[in-house]
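Thanks for sending this one over. Here are my notes, in numbered points, to read alongside the model.

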Amino acid sequence: MLIGALALSACSVFNKKKKPSLVYEERPVELLYNAGADRLDHHQWNEAVNYFREVERQHPYSEWARRSILMTAYAHYQANDYAEAIGDADQFISLYPGNVSTPYAYYLKSICYFEQIVDVGRDQASTAEAGETLREVAKRYPYTEYAADARLKIDMVQDQLAGKEMTIGRFYLRNGNPMGAIGRFQTVVQKYQTTSHTPEALYRLVEANLTVGLFGEAKRNGAVLGYNYPGDPWYAAAYGLLTSKGLRPEIEPNPEGRRGPRFPFFGHHDKAATLPPPGEAPTTTASADAPPSLQTAEATSPTGETPPPPEAANAINSANPPPPPKKGGFLHGFLGL
């Protein structure tokens with residue numbers, strides 16, 4: 001039985017098919033780029049990446065190769081291949097630091113980190129990276145549409161980081177460590193005071209300080225909460241707690257008063273809200289023929305055998321030949337194609 005199992009495993013190893021690789025066939029650069037843009041319009045992200053990379057491979061020193069790097073990054077982003085998209089954006093930034101499209105490369109990189117933010121109960125490494133890259137966009141290009149979007153997302157990132165501090169502080173408070181909790185809540189009030197967690201952090205400071213007998217600190221935090229957010233439910237709770245201890249605040253809760261800010265919940269990200277690549281490309285001379293399909297074939301031997309004809313190879317989208325290049329379309333409009 002052992003010999004038979006070994007024989008079967010050996011057969012599966014030797015009979016394993018090699019991964020198909022793209023066959024090199026030189027084509028006009030405009031045709032390849034146009035085909036990649038067409039695949040983007042049809043949301044065929046992986047095929048778009050293949051075409052744009054083929055532009056880089058066949059025409060590495062052309063203007064089209066530069067544009068293809070950025071479009072490859074955008075296609076990877078749309079396919080949720082964030083690591084690949086960040087790598088492409090970094091490549092564009094290092095090769096073309098002064099290019100008119102470089103601000104978009106910084107922006108796309110920051111969005112890739114932003115969309116990897118997870119709930120506050122997990123590691124926030126991507127949140128920190130997102131905040132750093134978004135601030136870089138806002139600082140480098142303050143008067144661009146990318147900076148405007150970045151500033152909005154910076155507030156959301158700050159809110160997320162404050163939420164992490166609150167989660168840890170609540171854990172300390174529940175488990176009998178009020179001093180550790182006070183440190184976390186003070187960090188929220190001092191470092192993330194414009195976030196939605198500030199009212200709760202002030203209430204928790206009131207609660208924790210009362211627990212350890214720091215009545216003066218508790219009353220002071222309650223006063224700050226009442227002055228800034230008199231209509232927030234957290235102040236109503238703090239007011240009741242302080243009143244029960246004989247420390248009634250001067251400001252009474254006002255349901256019509258100011259409340260703490262609110263930010264969208266992190267979850268599903270709408271990629272339609274992400275700004276598209278800049279439309280710097282000139283109008284191309286589109287061919288009357290349909291965009292080519294990049295052929296794939298089994299890896300050839302070192303003898304350099306001629307690859308099989310297209311009908312014998314596994315062509316991309318071979319079952320449904322792509323339509324001729326369009327003059328319309330969402331991405332064509334921005335690219336000028």
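**Notes on selected residues**

Let me start with Thr-167, which is found in helix H8, the helix that covers residues 145-174. Please keep in mind throughout that this is a predicted model.

1. Thr-167 has a relative accessibility of 28%, so it counts as partly exposed. Its position can also be described relative to Ala-181: the two residues are 14 apart in sequence, and their C-alpha atoms are 9.7 Å apart in space.

2. A similar kind of description works for Lys-139, which belongs to helix H7 (residues 125-140). Is Lys-139 buried or exposed? With 74% relative accessibility, Lys-139 counts as exposed, because the cut-off for that class is over 50%. From Lys-139 to Ala-150 the C-alpha to C-alpha distance is 9.9 Å, for a sequence separation of 11 residues.

3. Thr-72 sits in helix H4, which runs over residues 63-78. The relative accessibility of Thr-72 is 1%, so this residue counts as buried. Which residues is Thr-72 in contact with, once its neighbours within four places in sequence are left aside? They are Val-49, Phe-52, Arg-53, Glu-56 and Asp-88. If you look at Thr-72 in the viewer, these are the contacts to display.

4. Asn-99 is a loop residue, placed between helix H5 (82-95) and helix H6 (102-114). Its relative accessible area is 19%, and Asn-99 is classed as buried because the limit is under 20%. The side chain of Asn-99 takes part in a polar contact of 3.5 Å with the side chain of Arg-66. The Asn-99 side chain also reaches the backbone nitrogen of Ser-101, at 2.8 Å.

5. Val-212 is another loop residue, this time between helix H10 (198-211) and helix H11 (215-228). With a relative accessible area of 32%, Val-212 is partly exposed. Why can Val-212 belong to a surface patch? Patches take residues with over 30% relative accessible area, and Val-212 has 32%, so it passes that cut-off.

6. Which residues make the nonpolar surface patch that includes Val-212? Met-179 and Leu-214 join Val-212 there, and the patch has an area of about 250 Å².

Key:
Residues numbered from 1 in each chain as written. Predicted model: local features only at pLDDT ≥ 70, side-chain atom pairs only at ≥ 80, totals over all residues. Heavy atoms only, no water. Patch = residues over 30% accessible without salt bridge, like charges linked within 9 Å, V, L, I, M, F, W, Y side chains within 5 Å. Areas by Shrake-Rupley, 256 points an atom, 1.4 Å probe, with all protein chains shown as cover. Salt bridge = Lys/Arg side-chain N within 4 Å of Asp/Glu carboxyl O. Helix = DSSP H or I, 4+ residues; strand = E, 2+ residues; numbered from the N terminus. Buried < 20%, exposed > 50% of the residue type's maximum accessible area, 1.4 Å probe, protein only. Contact = heavy atoms within 4.5 Å. Polar contact = N/O pair within 3.5 Å; in protein donor to acceptor, adjacent residues only side chain to side chain.
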